[in-house]
Amino acid sequence: METPRELVRYERRFRRAGLPLFIEDFSPTHDIYNRAAPLLTLVFLAEMLGTTELEWHWYENILAAAVGLTILVGAFGVLNGLRGRPFWSLPTRFGLPELAVFVLLPALFPLYPDYRWPQFFGIAVGNLLLVGAVYVVVGYGLIATTYWSLRRIVGELANSLASLIRALPLLLVFSLVLFINTEMWQVFAGMPVAFIVLQVIAFTVLSTLFLMVRLPKELDAIEDDVKSDPPLRRIQRLNLSVNLVIRQWVQALVVSTGVGLFFVAFGLLSFNAKIYEGWGVEPGSWSIPLQLMGHEMLLTASLVKVAVGIANFTGLYYSIALLTDSSYREEFLDNVSAELRDLFIARADYLTLRAQLVSQSDSGPIAK
């Protein structure tokens, strides 16, 4: 007969695929913040040690740190007592009381003795944002999804090189038309670096919105194909959507980076100081003269800006083409769909096994 160890195997598979919310009874107190407890503890201790001041005597700083540590131990000891655990035991869960202590307790120290309210709100808001970031990163498996995407690209690069070569010419033709355009150089060369960063962020958001609009239809098709029973809950569909968005980001980033490096190399071989002068383009804040086989080359800030700008356009085009162009779709969504079908089948087996074990247990739901 199957054992609960099989459940652990299924749940580990869901986590490694970046889909932790496929796990039934997935709980923030047991599955998210418990895993992030070492990070939260380090941040908490650093903030408690921040109660010291350079203007104080050494013994005053030691006393302040000791008081902060005492309050830390006392606060969690009281929470242990309220939960019926020994005073000195380590927390086994991070619920709202523990998170409230983490967010608010370090923020109280700047209020003594001179009521520094800006520091209070800064620490409290910073801790609250950290708690939210931990929930998103751990709860939605962003690290596992990103690692999976990078491992997949590295592991399958050799096998998919031929198909990528078939797809790249269209990207390069699209990009070359922009790259050798004088107006494009004049626009990007005079653009501040901060504006280029904002452009990258804006294009990333735009491609993500496009993907999010298309995803519900794609997910419905995959679920209907494998006859997922029971259907995914809303939070699980959101987890799956985030998973696919991260995968798209990684793949588009690899393509954009490759295109950007190509145009830096192409610009080095093609553009010299005379062309810069003829086009009325400044080299930028820095320039590095180079030579190759007697040919003078110039690596400039303007060249890097233009290469990044063209790579950004290419990344947006590629992100949209992943779902609309058959030659790109095969590289992304069709391969991902095959893996998701396997995961849906594993989820059905997991739920069946879980139901069997629960029905055989006299104590109710399976303990984590």
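In the predicted model, Ser241 lies in helix 10, which covers residues 234–270. The relative accessible area of Ser241 is 9%, and this residue is therefore classed as buried, the cut-off being under 20%. Apart from neighbours within four places in sequence, Ser241 contacts Met212, Leu215 and Leu219.

A buried residue is also found in helix 12 (residues 301–324), where Lys305 is placed. Lys305 is buried but forms no salt bridge. The nearest side chain of opposite charge is that of Glu282, at 11 Å, whereas a salt bridge requires a separation within 4 Å. With neighbours within four places in sequence set aside, the contacts of Lys305 are Phe188, Ala189, Met191, Val193 and Ile196.

Helix 5 comprises 13 residues (96–108). At 1.5 Å a residue, a span of 18 Å is expected, and the end C-alpha atoms are 18 Å apart, so the two values agree. A bend of about 25 degrees occurs in helix 5 at Phe102, and Pro106 follows within four residues. Both Phe102 and Pro106 belong to the buried residues of helix 5; the others are Glu98, Leu99, Val101, Val103, Leu105 and Ala107.

Strand 1 (residues 287–292) and strand 2 (residues 295–300) run antiparallel and are joined by 6 bridges. Ser287 is positioned opposite Thr300 of strand 2. The hairpin formed by strand 1 and strand 2 has 2 residues between the strands, and Met293 adopts a positive phi near 55 degrees in this hairpin.

Methods. Residues numbered from 1 in each chain as written. Predicted model: local features only at pLDDT ≥ 70, side-chain atom pairs only at ≥ 80, totals over all residues. Heavy atoms only, no water. Pairing = 2+ DSSP bridges. Buried < 20%, exposed > 50% of the residue type's maximum accessible area, 1.4 Å probe, protein only. Lys, Arg positive; Asp, Glu negative; His and termini not counted. Contact = heavy atoms within 4.5 Å. Expected span 1.5 Å × (residues − 1). Bend = angle between axes of the 7 residues up to and from the residue.
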